[in-house]
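Please look at the model below with attention to its aromatic side chains and what surrounds them. The report that follows treats them group by group.

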Amino acid sequence: MTTHPGKRPDTVKHVDPDPIAYEAEVYQRGLRYQRPPFTFKPLEWEPLASERMSADTRGYVLGSAGTGETAAKNRAAFAKWSIMPRRLGLGRTAEGAKRGVFPNLEAEVLGRKLPCPIACAPVGVQKIMNPEGELAAARAAARERVPFVMSTASSTSIEDVARASDEGAAASADGGGNAKAERWYQLYWPAREHDDITASLLNRARHAGFSVLVVTLDTYILGWRPSDMDNGYNPFLRSDQVGVAIGLTDPVFRAHFKKKHGREVDEELAAAAAEWTRTIFPGTGHTLDDVAFLRSHWDGPMVLKGIQSPVDARAIAESGLVDGIVVSNHGGRQADGGMSSLGALPGIVEAVRGITTNRTNRDVEVLFDSGIRSGADIAKALALGASMCLIGRPYVYGLVLGGEEGVAHVLRSLIGDLELTLHLSGIASVAPEHLNRGSLVKEGELFKEAQTYVTY
């Protein structure tokens, strides 16, 4: 078993993250009457973080669209599926697992070999949650060898986040400092009249070492968010660069602004922030034909995020332009009254089954986002056909509670929870041959079936 330095969690160099060692470490410290700095109870991360946030930040992070119905459905959907444990040696480790009897969490996603099929979802304006914002989150993700998806709405530049990511990867290496961070770039897509700005963003991301492009389709305008409106708070309209740092550091946007207004961005920060916000949230969406433009400017894997319809999913997959899609409703933050993301997942997996991408001839992959709070949630989404799960609010709560160390704690906790959930359920790995629809039962059907055996 891999072990870690006694001072973990901190930023000292360590080998592959080992969630079981993390658990053992906590108990060993307990023998010295030391308690961990952060709770391991995932449903307490939100209320604890809420106490630390300002009213504006709390409304932005915790708030949802409309009445919150879509967000509530996201969480409720997980309880409708239950994991069916298997016994008598069926929990033996998959061939090639690195640690004794424990499940193999390794997976290949979009051609990348990962220690565990999770990633930090794109979350913007992180400096309202912690002064270090995306820098802390990117370092922590790289340390734990979890892909970090950087949002176009970040409060830090593309280049600075890349440097922080590399710093985290160096801290994760076994002393050699040669580890490579896995970082992806999420695009809020400007209107076609600003194709030059879009191309500039993609070029910057590619040169900064971002390997996968994640294109969000459900946020061409911000949703109806009562919590933000109650506070009169829109972080993208302020002159503090929170949420607009990528635009204000983009040379093409800066040139556009100067040509239009006759002044530099730095001289008119409030006006520049408003204009950048209108640029990345143009009010209208794009078409499948427009995706070809992105494909021509990005030679790596590309996934489209915000898919809920099997019909849309199949059309996107059949275009051959993309490598994957992300089943997501933006955590319930964009449109109220929608379907749960987990409920949409099985139909979309079936809709794209067997369809390959033109770029690599690999099967189009389905990633999952919206509602993940625990290791069991991750296991259920993977069992229903997702190749990876994106973690959003939980790592943000970690960022609020403890910066880089808080994010690292949340990620290690979720991975540890996943590992023991699979191990105690007799599931040998996250590979589809071990973790699949047959690993689950619908909770409601158990009671319907039981009623047929009851006599009155």
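The sections below describe aromatic pairs, a cluster of rings, charged groups over rings, and the surroundings of one threonine.

## Basis and overall count

The structure is a predicted model, and side-chain atom pairs were counted only at pLDDT 80 or more. Across the whole structure, the search finds 9 aromatic pairs. Two of these pairs are described individually here, followed by a linked group of rings.

## The pair of tyrosine 22 and phenylalanine 40

Among the aromatic pairs is the one formed by tyrosine 22 and phenylalanine 40, whose ring centres are 5.7 Å apart and whose planes meet at 50°, an arrangement classed as tilted. Because tyrosine 22 belongs to helix α1 (residues 19-30) while phenylalanine 40 is in the loop between α1 and α2 (42-52), the pair ties together parts that are 18 residues apart in sequence.

The two partners are not equally accessible: tyrosine 22 is buried, with a relative accessible area of 4%, whereas phenylalanine 40 is partly exposed, with a relative accessible area of 34%. Tyrosine 22 also has a charged group over its ring, since the charged end of arginine 412 sits there at 4.1 Å from the ring centre.

## A pair within helix α10

Phenylalanine 253 and phenylalanine 257 form another tilted aromatic pair, with 6.4 Å from centre to centre and 35° between the planes. Both residues lie in helix α10 (residues 251-261), and because they are 4 residues apart, about one helical turn separates them. Phenylalanine 253 counts as buried at 1% relative accessibility, and phenylalanine 257 likewise counts as buried at 1%.

## The ring cluster and its neighbours

Which residues are linked into a cluster by ring pairs? The members are Tyr60, Tyr188, Phe236 and Phe281. One of them, tyrosine 60, has arginine 333 lying over its face, at 4.7 Å from the ring centre.

Another member, phenylalanine 236, is approached through its backbone: the backbone oxygen of this residue lies 2.9 Å from a polar atom of the side chain of threonine 277. With the cut-off for a polar contact set at 3.5 Å between N or O atoms, that distance falls within the limit.

## Threonine 277

Is threonine 277 buried or exposed? At a relative accessibility of 9%, threonine 277 counts as buried, because the cut-off for that class is under 20%. Threonine 277 is part of helix α11 (residues 269-280), and, when neighbours within four places in sequence are left aside, the residues in contact with threonine 277 are Phe236, Leu237 and Val244. Phe236 therefore appears both in this list of contacts and in the ring cluster.

Conventions
Residues are numbered from 1 along each chain as its sequence is written. This is a predicted model: local features need pLDDT of at least 70, side-chain atom pairs count only at pLDDT 80 or more; totals for chains, interfaces and linings use all residues. Side-chain values use heavy atoms; hydrogens and water are left out. Rings of Phe, Tyr and Trp (its six-membered ring) pair if their centres lie within 6.5 Å; planes under 30 degrees apart count as stacked, over 60 as edge-to-face and the rest as tilted. Helices (H or I, at least four residues) and strands (E, at least two) are DSSP runs, numbered from the N terminus. Buried means under 20% relative accessible area, exposed over 50%, partly exposed in between (1.4 Å probe, protein chains only). A charge sits over a ring if NZ of Lys or CZ of Arg is within 6 Å of the ring centre and within 35 degrees of the ring normal. A polar contact is a pair of N or O atoms within 3.5 Å; within protein, one must be able to donate a hydrogen and the other to accept it, and residues adjacent in sequence count only if both atoms are side-chain atoms. Contact means heavy atoms within 4.5 Å.
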